[in-house]
Amino acid sequence: MLFKRLLPLSLMAVLATSACTFQLGDPVAVQPTPQTSVKTDAPQTGDGPATEEPGVPTANQSFSDSEVTQEINDAVEVVNTYWQTHWSEFFTGTYSAPQVRGSYSGTDPNRFTCSGEPAAEMNAYYCIQEDYVAWDFNLMREGYAQGDAWIYLVVAHEWGHAIQNRLDDSLVDVAGELQADCLAGAVLYGSTTDGILQWEPGDTAEISAGLTTLGDESPWADPSSHGDSIERVSAFGKGRIGGVAGCLASS
Ligand SMILES: [Zn+2]
């Protein structure tokens, strides 16, 4: 993913000479990275699925936690800006962003709670009762090792749940997880159309791998809550092609 304001690591050298044309919306508070060590025995993510176009995930071999945090902040800006810009094209009322509590450590005894329940380790979630999104930093770090598109996927998906919570019930698909994937596809490709985000070689493969591996609210790859990997990639593609309108239950 190439965020037009802040370029990814691979293009850091370009940053110095790159003109900034991205207009920021209202700032969104982002939690600082927890001061915790990162697991080194995290589970590996399989071989990855066949990709829809040439390219393999552009794995990041060596990176710092602050780089991951920066990528998360970029993804939050991109996703929030999309919804801020386009909400009124699809819905009545005024857009309001969910709170971004951001990164936690799943092993921190003082980590976030949602309705009194401590945040799960290696998870990302939208807390409907308190209207905030959050993610285990270790999960993001592990995803970033596979490529930066993972982080965009997680943020856009969780934000999708916040959007669902703002919609009339008639627009919310019973397959809520697949709808969140669809909204993620709509937002990430819509941001590309807006000129804010540029896809790089490997990004689609990273998204496919992410949809195969990632999940939330329950064990990450549980097909009963998220659909299987084919359904998830298909849902993301639906949003890519049909945009937000194509993701709504009544469409
Ligand atoms: Zn979800």
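This section describes the overall make-up, the helix packing and the disulfides of a predicted model.

The protein chain contains eight helices and seven strands. Of its 251 residues, 49% are buried. Contacts between residues at least 6 apart in sequence were also examined by their separation along the chain; 72% of these join residues at least 24 apart.

Helix α4 takes part in two helix–helix packings described here, one with α2 and one with α6. In the first, the axes of helix α2 (residues 65–90) and helix α4 (residues 149–164) approach within 9 Å, with a crossing angle of roughly 40°. Angles from 35 to 65 degrees fall outside both the roughly parallel and the roughly perpendicular ranges, and α2 and α4 are therefore oblique to each other. The crossing of α2 over α4 is right-handed. On the α2 side, the contact is formed by Val68, Glu71, Ile72, Asp74, Ala75, Val76, Val78, Val79, Asn80, Trp83 and Trp87. These residues meet Ile151, Tyr152, Val155, Ala156, Trp159 and Ile163 of α4. Classified by residue type, the contact of α2 with α4 comprises 14 nonpolar residues, one polar residue and two charged residues.

In the second packing, the axes of α4 and helix α6 (residues 203–213) come within 8 Å and cross at roughly 55°. This angle makes α4 oblique to α6. The passage of α4 across α6 is again a right-handed crossing. Helix α4 contributes Ala149, Trp150 and Leu153 to this contact, while α6 contributes Asp203, Glu206, Ile207, Ala209, Gly210, Leu211 and Thr213. By class, six nonpolar, two polar and two charged residues make up the contact of α4 with α6.

Two disulfides are present in the structure. When bonded cysteines are counted along the chain, the disulfides follow the pattern 1-2, 3-4. One of them links Cys114 and Cys127, whose sulfur atoms lie 2.0 Å apart. The link of Cys114 and Cys127 is right-handed, with 85° about the S-S bond. Cys114 belongs to strand β3 (residues 113–114) and Cys127 to strand β5 (residues 124–127), so this pair ties together parts separated by 13 residues in sequence. Both cysteines fall under the 20% relative accessible area that defines burial: Cys114 counts as buried at 16% relative accessibility, and Cys127 is buried with a relative accessible area of 0%.

The other disulfide joins Cys182 and Cys247, with a sulfur–sulfur separation of 2.1 Å. Here the angle about the S-S bond is -85°, and the link of Cys182 and Cys247 is left-handed. Cys182 lies in helix α5 (residues 176–193), whereas Cys247 lies in the segment after α8 (229–242), so the pair ties together parts that are 65 residues apart in sequence. Cys182 has a relative accessibility of 2% and therefore counts as buried. Cys247 is likewise buried, with a relative accessible area of 3%.

Methods
Residues numbered from 1 in each chain as written. Predicted model: local features only at pLDDT ≥ 70, side-chain atom pairs only at ≥ 80, totals over all residues. Heavy atoms only, no water. Axes fitted to C-alpha atoms, helices over the stretch in contact; angles between N-to-C directions. Helix = DSSP H or I, 4+ residues; strand = E, 2+ residues; numbered from the N terminus. Parallel < 35°, antiparallel > 145°, perpendicular 65-115°, else oblique. Left-handed = near helix turned anticlockwise from the far one by under 90°. Contact = heavy atoms within 4.5 Å. Nonpolar A, V, L, I, M, F, W, Y, C, P; charged D, E, K, R; others polar. Disulfide = S-S within 2.5 Å. Buried < 20%, exposed > 50% of the residue type's maximum accessible area, 1.4 Å probe, protein only.
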